[in-house]
Amino acid sequence: MEDEDVAIDIGAAIGAIASNISTQVLRLYIPNKDRHSKEFGTQRKWVLEAASLLSEIGGGCTIMPPVEGIWLDEQGIAIWENPVVVYTYVKPKSFLDNLPRLREFLHRLGRETDQGEIAIEYDEQFFRIVQYDTEVSL
């Protein structure tokens, strides 16, 4: 006898409230090097700021230990780095309310750490920011 697919309402099975189920993941990649392969030394500051913002968007976040990655610059030269991935499962209203802050953070990160691009994942799509908003004076 073959195993058959069985539909399970996992939320109900574990006692989760339907209004507290999130399906969209937002992941930010916080680099440790600039576009010239130089460590900029403030990665932890950026990780903590990202964690604070993502916690507001999703009610909490997870910070992964540094991973190893490669980014190819405009000339195709490999920049080896150790980005930290910070992610949350978004709450739609909080996400929409914080989109301007998210944009400001990402563009400031790119500008202030001299990045060739900033990468994020949202809802199974990968986005690259390569031009940054100019700094706004308050």
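In this predicted model, Lys45 lies over the face of Trp46, at 3.9 Å from the ring centre. The ring of Trp46 also takes part in an aromatic pair with Phe105, and this pair is tilted, with 5.7 Å from centre to centre and 55° between the planes. The two partners come from distant parts of the chain, since Trp46 belongs to helix H2 (residues 43-58) and Phe105 to helix H3 (residues 92-112), with their positions 59 residues apart in the sequence. Both Trp46 and Phe105 are buried.

A search of the whole structure finds four aromatic pairs, and another of them involves two tyrosines. The rings of Tyr87 and Tyr89 have their centres 6.4 Å apart and their planes at 75°, and because planes over 60 degrees apart count as edge-to-face, this pair is described in that way. Tyr87 is partly exposed, with a relative accessible area of 21%, and Tyr89, at 41% relative accessibility, likewise counts as partly exposed. Tyr87 has a charged neighbour as well, for Arg27 lies over the face of its ring, at 5.7 Å from the ring centre.

Helix H2, which holds Trp46, can be followed further. What span should its 16 residues have, at 1.5 Å a residue? The expected value is 22 Å, and the C-alpha atoms at the two ends of H2 are 22 Å apart, so the two agree. The buried residues of H2 are Gln43, Trp46, Val47, Ala50, Ala51, Leu53, Leu54, Ile57 and Gly58. An α-helix has 3.6 residues a turn, so residues three or four places apart point the same way. The parts of the chain that cover the buried residues of H2 include strand E1 (25-30), strand E2 (62-63), strand E5 (84-89) and helix H3. After H2 comes Gly59, whose phi is positive, near 85°.

Most residues other than glycine have a negative phi, and against that background two loop residues deserve attention. Ser37, found in the loop between E1 and H2, has a positive phi near 70° although it is not a glycine. At 33% relative accessibility, Ser37 counts as partly exposed. The other residue is Asp114, which lies in the loop between H3 and strand E6 (118-122) and has a positive phi near 55°, again in a residue other than glycine. Asp114 is partly exposed, with a relative accessible area of 30%.

Asp114 leads on to the charged pairs of the structure. Side chains of opposite charge can pair when their charged atoms come close, and the count here comes to nine salt bridges. One of them joins the side chains of Arg35 and Glu74, at 3.2 Å from N to O. Arg35 lies in the loop between E1 and H2, and Glu74 in the loop between strand E3 (69-72) and strand E4 (78-81), so the pair ties together parts that are 39 residues apart in sequence. Arg35, at 24% relative accessibility, counts as partly exposed, whereas Glu74, at 53%, counts as exposed.

Arg35 also forms a salt bridge with Asp114, in which the closest N and O atoms are 3.0 Å apart. Here too distant parts of the chain are linked, as Arg35 in the loop between E1 and H2 meets Asp114 in the loop between H3 and E6, 79 residues apart. Taken together, Arg35, Glu74 and Asp114 are linked in a network of salt bridges.

Which helices does the salt bridge between Arg108 and Glu49 link? Arg108 lies in helix H3 and Glu49 in helix H2, and the two residues are 59 residues apart. Their side chains meet at 2.2 Å, N to O. Arg108 is buried, with a relative accessible area of 14%, while Glu49 is partly exposed, with a relative accessible area of 27%. Helices H2 and H3 are thus linked by this salt bridge and also by the aromatic pair of Trp46 and Phe105.

A last stop is Thr134, in the segment after strand E7 (125-129). At 65% relative accessibility, Thr134 counts as exposed. Thr134 and Pro100 are 34 residues apart in sequence, and their C-alpha atoms are 14 Å apart in space.

Notes. Residues are numbered from 1 along each chain as its sequence is written. This is a predicted model: local features need pLDDT of at least 70, side-chain atom pairs count only at pLDDT 80 or more; totals for chains, interfaces and linings use all residues. Side-chain values use heavy atoms; hydrogens and water are left out. Rings of Phe, Tyr and Trp (its six-membered ring) pair if their centres lie within 6.5 Å; planes under 30 degrees apart count as stacked, over 60 as edge-to-face and the rest as tilted. Helices (H or I, at least four residues) and strands (E, at least two) are DSSP runs, numbered from the N terminus. Buried means under 20% relative accessible area, exposed over 50%, partly exposed in between (1.4 Å probe, protein chains only). A charge sits over a ring if NZ of Lys or CZ of Arg is within 6 Å of the ring centre and within 35 degrees of the ring normal. The expected span of a helix is 1.5 Å times one less than its number of residues. Contact means heavy atoms within 4.5 Å. A salt bridge is a side-chain nitrogen of Lys or Arg within 4 Å of a carboxyl oxygen of Asp or Glu.
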